[in-house]
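Trainee: I should like to learn how to read the contact between two chains. Where does one begin?

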Amino acid sequence: MSETTTHNGHDHAHAGHHELPFWRKYIFSVDHKVIGIQYAVTALFFLLFGFTLMMIMRWQLAYPGQPLPVIGKILGETAMPGGVMAPEFYNQLGAMHGTIMVFLGVVPLAVGGFGNFVVPLQIGAPDMAFPRLNMASYWVFLPGCVLMISSFFFPGGAAQSGWTSYPPLSDIASVGQTVWCFSMVLIITSSLLGSINFIVTIVQLRAKGLSYWRLPFFVHAQLVTAFLLLLAFPPLEAATVMQIMDRVAGTSFFLPSGLVVSGEQLKVAGGGSPLLWQHLFWFLAHPEVYVLILPAMGIVAEVIANNTRKPLWGYRLLVYSVVFLGFMSFVVWAHHMFMTGMGTTMSTFFQTTTMIISIPSVIILTCFIMSLYGGNIRFTTPMLFATAFLPMFAIGGLTGLPLGLTASDIYLHDTFYVIGHFHYVVAPGTLFALFAGVYYWFPKATGKQMNATLGKIHFWTSFVCINFVFMPMFFQGMAGLSRRLYDPTVYAHGRGVQALNVVISLGAWGLGLSQIPFIVNFFMSLKRGARVAENPWNATTLEWAAPSPPGHGNFLTEPVVYREPYEYSVPGHANDYSPQFVEGS
Amino acid sequence: MAEAAAHHESPIPYMVQPHPVTGIPNGKFGIWLFLASEVMLFGALFSSYVLIRTGAPHWPPEGGLTSEIVNVPLGTLNTAVLITSSITMVLSWASCKMGSLPRFKLWMAATIGLASVFLVIKYFEYKHKFDLGHFPSHDNFYAIYFTLTGLHGLHIIGGIIVNTFLLTAGSKMWTTDPEHFTNRVENAGLYWHFVDLVWIFLFPSLYLL
């Protein structure tokens, strides 16, 4: 743990020289900014990849049993015989879409990307506390990703038991599931290394004058997130180890006695519990929901304060809420399991905690909306995404309440309503916030500004399409349409809402096209974007004191903090912003 | 990428010296956080053990008593070996504190030796069960026994690797930065005590109960 680099500060801190060879500077780098960008670019790639899997899957849902032109032929005869999607391939796409989006996309972008790049800058640190550990975290993560993707090429294909990998199905699935387990162990290890690093960095390396009540909200959110990753991921690692044992060594941790598969009794010792996996999985995966959303809230807070040109409303309330959310997220996991027959006492407990945890979420959202009130709002591209986050996250959050109440969950459980609910939280919620972050910090990372017109096209097309994707799912779910159905028209009650599946698929493909302006903008701005100085947004937090892009060691002079993070439009000031790092009233 | 004119030299603060507020350097803070996550890892496995055991009509599932399946005398011996290794680990750190590298090397070598003895004894325990044809798939007692002790064994091997590094190549730091080196020994020690502590829980719950 303690093997940090004593020497990396002075090896190459001197002006304009690049003593480090290319592979040490850009590939096996210990610089938090390079690692952050590596994480972000990798994650953006996997977000596109995971989304592509879903766009293929949407063909089968919109036009069940019809051959997919062109792409169907490319994917080959095993996956799509005669261009028609095989049920096994459909299951692989579903399981891998979930796994990739959560573990290879959103978390690495929100925590590995933005956390690594922004947190040390915002707290005025020269780097993370353990730079080599940070590098190790990325280089454990990447093999995990490659292994996960490679599972498509194993006999029987990739994991196909859903992203939740519920046994007994996952215990008896093809070898791709074992690959899934091993790559999860790598990804969990990587997140463990990262979370230790974040906590130590935030607690130990804050600049002079930067007390906890002067930290930007984004840093608070990352700190809570790091604790969630640190403490919630190990139980999933334990569960994954047990699933590997079940699959490889023939144990029966998750296999009950007398299990019959394809008409034959399974030859295992038995005596295990499939519910045990669900408990361990959701013990991780509910805090994981907050790992997905808290950094996004942090980004939204930064962007809103900067673009309304006024302090965040209820800053301390926000901090208390985010810490309370962190604690509560550990005691709500079994609201995913109301239908398992675990008993009414358990259900009542988890229903109560679930209602309680909605309170701080609502407080946070209210603070953000109150922050808009009376502001002189600049609708820059990041602000458009951050503003859209508010109603989108509200829809996602509020539709979650009927799922947290046992009575209504009995009806809605495992229908498309659930898919609509959590996608509203994560896709137009978290992902929009992450896009806001990309547009907001791109100038800091590259020294170039992203194109505003392309940004606005990206935003408006995405915003319209994404609602066509997820809004109809609520109606499908309330009509009783189950999730994970290979053919949604197989039951009579699904046929009435089949037309909506065509709408959703067209929305999804439109959403795919809407990302083209972003991709073009990203690379074009990298090459030809307008050059910016250190503080293009006239912001107040510490990262804007460093040059754009910051060199190794980040700051030209040691930063000192004189005030709270969001002092915008202070009466009697010449400027409408008073940066934390500028002395004087 | 055009670098800005001159970045000030900025090694990472509190790598060796304790932070004035938290009272510990970065490394020690990091190792405590790591151990917190380890508690959650083993905690989840212990909880699974409890859940599966309470759900079983009889424990161990094949009948009889646990103490008839496992070798209690060897387990007791191994407990003694690990506790002793924790003591030698403390002595190696204390030797650093008192400024004696040779004594550090002696005690650290003893720690590594005892850890190896633990693994050798464990090997004979495993071998006996394998000889009887009792693999993890035999029943859930063996599944839990091999998973928990196996994962613990991997932690022992990890400790041996770290300690061997400190004993050999890592000890060069003693001449350049003895305080930093002492901190590293202390951190390795914290980890080692944790691995020891896990066994203190494993031994009664797997061998005696």
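Mentor: One begins with the criterion: two residues are in contact if their C-beta atoms, placed from the backbone, lie within 7 Å. Please bear in mind that this is a predicted model.

Trainee: How many residues does the contact take from chain A and from chain B?

Mentor: Chain A contributes 49 residues and chain B contributes 46 residues. On the side of chain A that touches chain B, at least two residues each come from α1 (8-11), α8 (176-204), α9 (217-249) and α10 (274-308). The largest share is that of α9(A), with 11 residues. By character, this side of chain A comprises 29 nonpolar, 17 polar and three charged residues.

Trainee: How is a helix such as α8(A) to be read, and how many of its residues are buried?

Mentor: In general, an α-helix has 3.6 residues a turn, so residues three or four places apart point the same way. In this model, α8(A) spans 42 Å from its first C-alpha to its last over 29 residues, close to the 42 Å expected at 1.5 Å a residue. Of those 29 residues, 24 are buried, and α8(A) is thus mostly covered.

Trainee: Which secondary structure elements does chain B have?

Mentor: Chain B has seven helices and zero strands. Its radius of gyration is 21 Å, whereas a compact globule of 209 residues would have one near 17 Å.

Trainee: What confidence does the predictor report?

Mentor: The complex receives an ipTM of 0.93 and a pTM of 0.94. Chain B averages a pLDDT of 93, and 95% of the residues score at least 70. Over residues 1-9 of chain B, however, pLDDT stays under 50.

Notes. Residues are numbered from 1 along each chain as its sequence is written. Chains are lettered from A and ligands numbered from 1 in the order in which they are written. This is a predicted model: local features need pLDDT of at least 70, side-chain atom pairs count only at pLDDT 80 or more; totals for chains, interfaces and linings use all residues. Helices (H or I, at least four residues) and strands (E, at least two) are DSSP runs, numbered from the N terminus. Ala, Val, Leu, Ile, Met, Phe, Trp, Tyr, Cys and Pro count as nonpolar, Asp, Glu, Lys and Arg as charged, and the others, Gly among them, as polar. pLDDT is the predictor's confidence in each residue, from 0 to 100. The expected span of a helix is 1.5 Å times one less than its number of residues. A residue is buried if 20 or more other C-beta atoms lie within 10 Å of its own, exposed if 12 or fewer, and partly exposed in between; C-beta atoms are placed from the backbone. The radius of gyration is taken over C-alpha atoms; the globule rule is 2.2 Å times the number of residues to the power 0.38.
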